[in-house]
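Biologist: I would like to learn how to read a model of this kind, one feature at a time. Could we begin with what the words mean and then turn to the case in front of us?

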Amino acid sequence: MSRVRTVMGDVDTDQLGVMFAHEHLLMTGGWPVLHEPDYRLDDLPAAATELRAAAAHGLSAVVEMTPLGFGRSPRGLAQLARETGVAIIATTGFHKVEYYDDLHWLHRYSADQISRLLIEEITVGMDEYGLVGPYADRTDARAGVIKIGTRYHRLGRSIGKLIEAVGMAHQETGAPVATHNDKGTCGHEVLDALVAAGVQERHVVLGHIDHNADPGAARRAGRPRCVPRLRPARPDQVRAGQRLGGAAGRGRRARRRRPAAAGLRDLARRSYWRSLGGGPGLDYLLRVFAPRMRAEGHADLVDAALTVNPARAFALR
Ligand SMILES: [Zn+2]
């Protein structure tokens with residue numbers, strides 16, 4: 001029986017239905033938020049409103065992909081899960097290195113030390129303060145996925161060590177690994193490094209690969225057993241054709257050649273939330289996009305991207 005680790009405990013993947021594979025519900029500070037105020041998601045009631053709206057259209061689980069250094073809030077996520085009934089899989093690990101202070105411990109600690117911190121977050125509970133230290137405020141909510149980010153066209157300082165730490169934490173805990181690939185670059189580079197660090201391809205979800213307009217790059221990164229996660233940010237028709245791996249080449253054979261999306265979403269801006277006066281809102285994918293895809297004959301792709309693939313991709317090993 002495969003399971004995912006949510007902030008409220010482990011859940012059989014059979015119990016999961018429609019799942020958003022990459023969202024941000026609480027992202028309250030840190031370098032990116034200070035430099036781009038639109039990233040600040042610090043309104044728990046608004047997040048609950050967004051979740052309830054999506055749940056009304058069938059949402060059952062969300063992968064909350066906010067890593068260390070972004071004002072992640074494990075207690076807030078547990079409260080959201082309790083209040084809305086939506087299962088939340090939380091994240092430990094790192095975004096791209098340029099988002100962290102050059103004096104950050106990630107540049108100083110050994111791979112072994114970093115892996116121990118990640119393992120505690122997954123097996124004991126996440127630190128409410130995001131491991132900014134020196135004391136931890138350990139919560140009951142455990143992380144269910146390990147994130148690692150790379151820079152645009154390069155891996156970044158200290159990344160070899162971080163990937164080594166991620167590999168050790170994955171082997172110890174079985175938690176899946178999700179990447180941030182800046183503008184879709186470095187997909188196969190980071191995947192090769194993770195595999196060398198002991199992470200099986202099928203436990204890696206590559207993020208933002210669809211931002212790279214070169215379909216060859218997406219195919220190379222999306223080798224048969226790993227799963228690229230695609231994000232709907234461009235107009236619907238582009239998504240329908242490209243993002244879900246359908247339309248542009250119709251038929252089974254064309255589809256088989258394309259990487260199948262492990263999931264969709266990433267509305268990490270205040271201006272994307274209807275509850276904060278923006279749009280399209282967290283429910284858009286289920287309220288508008290999925291019904292449209294089904295009406296156009298792509299029900300199989302919708303089910304794969306929103307239900308089957310994410311449950312498989314985020315399962316514990
Ligand atoms: Zn994100």
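Modeller: Let us start with burial: a residue is buried if 20 or more other C-beta atoms lie within 10 Å of its own, exposed if 12 or fewer, and partly exposed in between, with the C-beta atoms placed from the backbone. Ser158 counts as buried because it has 20 C-beta neighbours inside 10 Å. This is a predicted model, in which local features need pLDDT of at least 70 and side-chain atom pairs count only at pLDDT 80 or more, while totals for chains, interfaces and linings use all residues. Residues are numbered from 1 along each chain as its sequence is written.

Biologist: What percentage of the residues of the protein chain count as buried, and how many helices and strands does the chain have?

Modeller: Of the 317 residues, 52% count as buried. Helices (H or I, at least four residues) and strands (E, at least two) are DSSP runs numbered from the N terminus, and on that basis the protein chain has 11 helices and nine strands.

Biologist: How should I read a single helix, and which residues of α4 are buried?

Modeller: The expected span of a helix is 1.5 Å times one less than its number of residues. Helix α4 has 13 residues (111-123) and should therefore span 18 Å, which agrees with the 18 Å between its end C-alpha atoms. An α-helix has 3.6 residues a turn, so residues three or four places apart point the same way. In α4 the buried residues are Ile114, Ser115, Leu117, Leu118, Ile119, Glu120, Glu121 and Ile122.

Biologist: What covers those buried residues of α4?

Modeller: Two residues are in contact if their C-beta atoms, placed from the backbone, lie within 7 Å. The cover of the buried residues of α4 includes β5 (87-93), β6 (143-150) and α5 (159-173). Among contacts in the protein chain with a separation of 6 or more, 74% join residues 24 or more positions apart.

Biologist: Which residue in the loop between α4 and β6 has a positive phi, and where are the cis peptide bonds?

Modeller: Leu131 lies in that loop, and its phi is near 60°, a positive value in a residue other than glycine. Leu131 counts as buried because it has 20 C-beta neighbours inside 10 Å. Pro134 is found in the loop between α4 and β6 as well, and the peptide bond to it from Gly133 is cis, with omega near -5°. Another cis bond runs from Gly279 to Pro280, with omega near 15°, and Pro280 lies in the loop between α9 (252-257) and α10 (284-295).

Biologist: Where does Ser158 lie, and what is its phi?

Modeller: Ser158 is found in the loop between β6 and α5, with a positive phi near 70° in a residue other than glycine.
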